[in-house]
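Where does a ligand settle in a protein, and where is space left empty? Keep both questions in mind as you look at the model.

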Amino acid sequence: MNRFTDKTVLITGGTSGMGLATAHRLVAEGAHVIVTGRTRARLDAAVEELGPSASGVVADAADLGAVDALTETVRDRHGRLDGLFANAGTGTFLPFENITEQDFDHGIDANFKGVFFTVQKALPLL
Ligand SMILES: NC(=O)c1ccc[n+]([C@@H]2O[C@H](COP(=O)([O-])OP(=O)(O)OC[C@H]3O[C@@H](n4cnc5c(N)ncnc54)[C@H](OP(=O)(O)O)[C@@H]3O)[C@@H](O)[C@H]2O)c1
């Protein structure tokens, strides 16, 4: 299938789970995918697994400076985006009474603020 030939898709949080699975599917259908993650080692492993139709950018979705830098890099390298999967996120799996303010803020920053600003910054490229 070549539904995504010549299409470029950004997948935040593409080093494991649903992001990586989606990246595999899009590559199989002809896309170039840009995947993100927080560490170079996990990102490099994912890009190697995905093959030459993938590239990676280290970017913490909870860090607005990193989100800005990510979209700048995508603009410089590709000029546009055909799709965005704002998937990067995490969870704190602790008993309710043990969750700290820091845990709470970390979850909100990655899962809510990160998704909001990833979409806002990527929109001009889409
Ligand atoms: N699985 C579920 O049942 C479920 C339910 C509800 C919502 N979700 C959400 O769906 C998304 C994918 O879930 P999954 O189960 O596939 O999770 P996963 O396997 O843990 O993958 C999460 C991905 O997000 C990346 N990531 C996490 N925090 C990040 C951050 N601050 N900045 C950039 N990348 C970050 C991870 O990369 P690195 O670790 O390499 O940085 C990884 O690639 C997540 O946002 C998750 O919260 C999942």
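Start with the ligand. It has 17 residues around it, and T15, M18, R38, R42 and N87 come nearest. Bear in mind that this is a predicted model.

Now look at the ligand's oxygen atoms. A polar side-chain atom of T15 lies 2.7 Å from one of the ligand's oxygen atoms. N87 also lies 2.7 Å from a ligand oxygen, but here the protein partner is a backbone N or O atom. G13 uses its backbone as well: an N or O atom there lies 3.2 Å from an oxygen atom of the ligand. How much of the ligand does the protein bury? Taken alone, the ligand exposes 880 Å². The protein buries 65% of that area.

What kinds of residue make up the shell around the ligand? Nine are polar, five are nonpolar and three are charged.

Next, turn to the space itself. Rolling a probe the size of a water molecule over the atoms shows where empty space is left. The ligand takes up the space of the largest pocket. That pocket has a volume of about 360 Å³. Its lining counts 21 residues. G13, T15, R38, A88 and G89 lie nearest the centre of the pocket. Three elements give two or more residues to this lining: α1 (17-28), β2 (32-37) and α4. Which of them gives the most? It is α1, with three residues. By class, the lining of the largest pocket has 12 polar residues, six nonpolar ones and three charged ones.

T15 is worth a second look. T15 is among the residues that come nearest the ligand, and T15 is also among those nearest the centre of the largest pocket. R38 appears in both lists too.

Finally, leave the pocket for the cavity. How many cavities of 30 Å³ or more does the structure hold? There is one. The largest cavity has a volume of about 30 Å³. Its lining is made of T12, A61, A86, A88, A110, G114, V115 and T118. Helix α4, residues 101-122, gives the most to this lining, with four residues. Five of the lining residues are nonpolar and three are polar, and no charged residue takes part.

One residue links the two spaces. A88 lines the largest cavity, and A88 is also among the residues nearest the centre of the largest pocket.

How values were computed. Residues are numbered from 1 along each chain as its sequence is written. This is a predicted model: local features need pLDDT of at least 70, side-chain atom pairs count only at pLDDT 80 or more; totals for chains, interfaces and linings use all residues. Side-chain values use heavy atoms; hydrogens and water are left out. A residue is near a molecule or strand if one of its heavy atoms lies within 4 Å of it. A polar contact is a pair of N or O atoms within 3.5 Å; within protein, one must be able to donate a hydrogen and the other to accept it, and residues adjacent in sequence count only if both atoms are side-chain atoms. Accessible areas come from the Shrake-Rupley method with a 1.4 Å probe; for residues, only the protein chains shown count as cover. On a 1 Å grid over the protein atoms alone, a cavity is a set of points where a 1.4 Å probe fits but cannot get out, and a pocket is an open set with protein on both sides within 12 Å along at least five of seven lines; lining residues have an atom within 4 Å of a point. A molecule sits in a cavity or pocket if more than half of its atoms lie within 2 Å of its grid points. Ala, Val, Leu, Ile, Met, Phe, Trp, Tyr, Cys and Pro count as nonpolar, Asp, Glu, Lys and Arg as charged, and the others, Gly among them, as polar. Grid points are joined across faces, edges and corners, and a volume is the space filled by probe spheres set on the points.
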